[in-house]
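I am opening a notebook page for this structure and will write down what I looked up, in the order in which I looked.

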Amino acid sequence: MSRLLHQIRVVLRFLTPNTQTRRHVRLLKESGLFDRGFYIRSNPRLRRLFRLAPERHYALFGEPAGLCPNPSFSPRAYLYNNPDLQGGAARHPFLHYIECGQHEARTVLDTGTVDDLPLPVIHPPSVHPAPPAPVAVALHLYYHDMWPEFAAALEQQSFAFDLYVTATGPETEVAPLRAQVQARFPQASVWAMPNHGRDIFPFLHLLSAGLFAPYRAVCKLHSKKSPHRADGAAWRQNLVAGVLGPPDRTQARLDAFLNDPQAGIWVADGQHYHGEDWWGCNRDLTRDILARAGLDPATAPLSFPAGAIYWVKPAVLAQLASLRLTASDFEPEQALVDGTTAHAVERTLGYLSRAAQMDIRESHDLDAPHVERSPI
């Protein structure tokens, strides 16, 4: 009932904007800087009502949530680059830019290198004295404070795994986290990483070093808060629970995944996204990235595991490695919620699975007896 009341209040607020909101909407339209097409494509979950008046949705809900009004403006990056903004300017950074910032030549996006920390040297398991476990877990922690949540999910599992952690920040900041990780998982490896390429580039860095070669599958996790979404925490928890749930069920699903020759990726229920709406603003960049492997997205509909938390097998990892993406392929971090290399790589995974003659499974698929079917 409380959720229904909340939804009713949201709709009423949208349908009856106050004077301040009407002025905000007028300025968005007059500025020519609000890209309606970009905003709708970048937010495919928008209800039909909100799609009819995207400027009003942005003024009421999008800007406070940090959503981007065009491909070149990130509210959070604008505030980061202009720390003097206070009060209303901090609450409505794009409105401030329209009214003042563009005339003051304020920095919108930093085109330089945001983080010049060196990349860590990764040694593959072949140089380690202990034999590898059957599977690996690769966890990226941008938010260090979220380690206990992932530790709890991992500690309850019954299967053996090797743990590899990348953490954003200089070594001085990562060292205390390393101590926490290794206190609970003594054999874990923890590396300090620059804030570059979200969770995707750190994973690719481990992949390109050959770290995952010995494993039958790798579980990719990251500290996903999604601050631009009201349900960001719930989304992360659903993603993690889908691949690291109760130990008995997870073990059974993992066995089914490993023994299914057509299964290349396993993601939580409801997180296998299909269809044109999910391209966002990533089609062209995804096409360019796939071209490195001789693949063309026009040959099949878009299909990918959303949220970047999933299990993946070596055949798909080999396809991912064939893209040969390096740090230079990822733009400086600007808190953009769509249209980056990281978003495009996420959308390549369905095509890479198809190239490996494999499919994407959701959790419930692994609970049922295996049925032969064509790859995606």
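**Entry 1: a cavity and its lining**

I began with an enclosed space and listed what surrounds it: the second largest cavity is lined by Ala 138, Leu 139, His 140, Tyr 164, Val 165, Thr 166, Asp 199, Pro 202, Phe 203, Leu 206, Lys 220 and Leu 221. I keep in mind throughout that the model is predicted. My search of the whole structure returned three cavities of 30 Å³ or more, and for the second largest I noted a volume of about 50 Å³. Sorted by class, its lining comprises eight nonpolar, two polar and two charged residues. I then asked which elements each supply at least two residues of this lining, and found strand 1 (135-141), strand 2 (161-168), helix 11 (200-208) and strand 4 (217-222).

**Entry 2: strand 1**

I took the contributing elements in turn, starting with strand 1, where seven of the seven residues are buried, so strand 1 is largely enclosed by the rest of the structure. Looking at the directions of its side chains, I recorded Val 135, Val 137, Leu 139 and Leu 141 pointing one way, with Ala 136, Ala 138 and His 140 pointing the other, and all of them are buried. Strand 1 pairs with strand 2 in the parallel sense over seven bridges, and I noted that the partner of Val 135 in strand 2 is Phe 161. Strand 1 is also joined to strand 4, again running parallel, through six bridges, and there Val 135 stands opposite Ala 217.

**Entry 3: strand 4**

Is strand 4 mostly covered or mostly open? I found it mostly covered, with six of its six residues buried. Ala 217, Cys 219 and Leu 221 point one way from the strand, while Val 218, Lys 220 and His 222 point the other way, and I note that Lys 220 is buried along with the rest. Besides its pairing with strand 1, strand 4 is joined to strand 8 (residues 310-312) by three bridges, this time antiparallel, and the bridge partner of Lys 220 in strand 8 is Tyr 310.

**Entry 4: helix 11**

I next turned to helix 11, in which eight of the nine residues are buried, so the helix is largely enclosed by the rest of the structure. The buried ones are Ile 200, Phe 201, Pro 202, Phe 203, Leu 204, His 205, Leu 206 and Leu 207. Just after the helix, I noticed that Gly 210 takes a positive phi of about 80°.

**Entry 5: nonpolar cores**

I recalled that in soluble globular proteins nonpolar side chains tend to be buried together. In the largest nonpolar core here, which has 82 residues, I found that Leu 163, Leu 221 and Trp 311 touch the most other members. Apart from this core lies another, of 22 residues, including Ala 59, Phe 73, Phe 94 and Val 108. Going back to Leu 163 and leaving aside its neighbours within four places in sequence, I listed its contacts as Val 137, Trp 147, Leu 154, Val 181, Phe 185, Ala 188 and Ser 189.

**Entry 6: Ser 303**

I closed with a single residue, Ser 303, which belongs to strand 7 (residues 303-305). Its relative accessibility is 6%, and because the cut-off for buried is under 20%, Ser 303 counts as buried. Ser 303 and Arg 354 are 51 residues apart in sequence, and I noted a C-alpha to C-alpha distance of 9.7 Å between them.

Methods
Residues are numbered from 1 along each chain as its sequence is written. This is a predicted model: local features need pLDDT of at least 70, side-chain atom pairs count only at pLDDT 80 or more; totals for chains, interfaces and linings use all residues. Side-chain values use heavy atoms; hydrogens and water are left out. A nonpolar core is a set of buried Ala, Val, Leu, Ile, Met, Phe, Trp, Tyr and Cys residues joined through side-chain atoms within 4.5 Å. Buried means under 20% relative accessible area, exposed over 50%, partly exposed in between (1.4 Å probe, protein chains only). Contact means heavy atoms within 4.5 Å. On a 1 Å grid over the protein atoms alone, a cavity is a set of points where a 1.4 Å probe fits but cannot get out, and a pocket is an open set with protein on both sides within 12 Å along at least five of seven lines; lining residues have an atom within 4 Å of a point. Grid points are joined across faces, edges and corners, and a volume is the space filled by probe spheres set on the points. Helices (H or I, at least four residues) and strands (E, at least two) are DSSP runs, numbered from the N terminus. Ala, Val, Leu, Ile, Met, Phe, Trp, Tyr, Cys and Pro count as nonpolar, Asp, Glu, Lys and Arg as charged, and the others, Gly among them, as polar. Two strands pair if DSSP finds at least two bridges between them.
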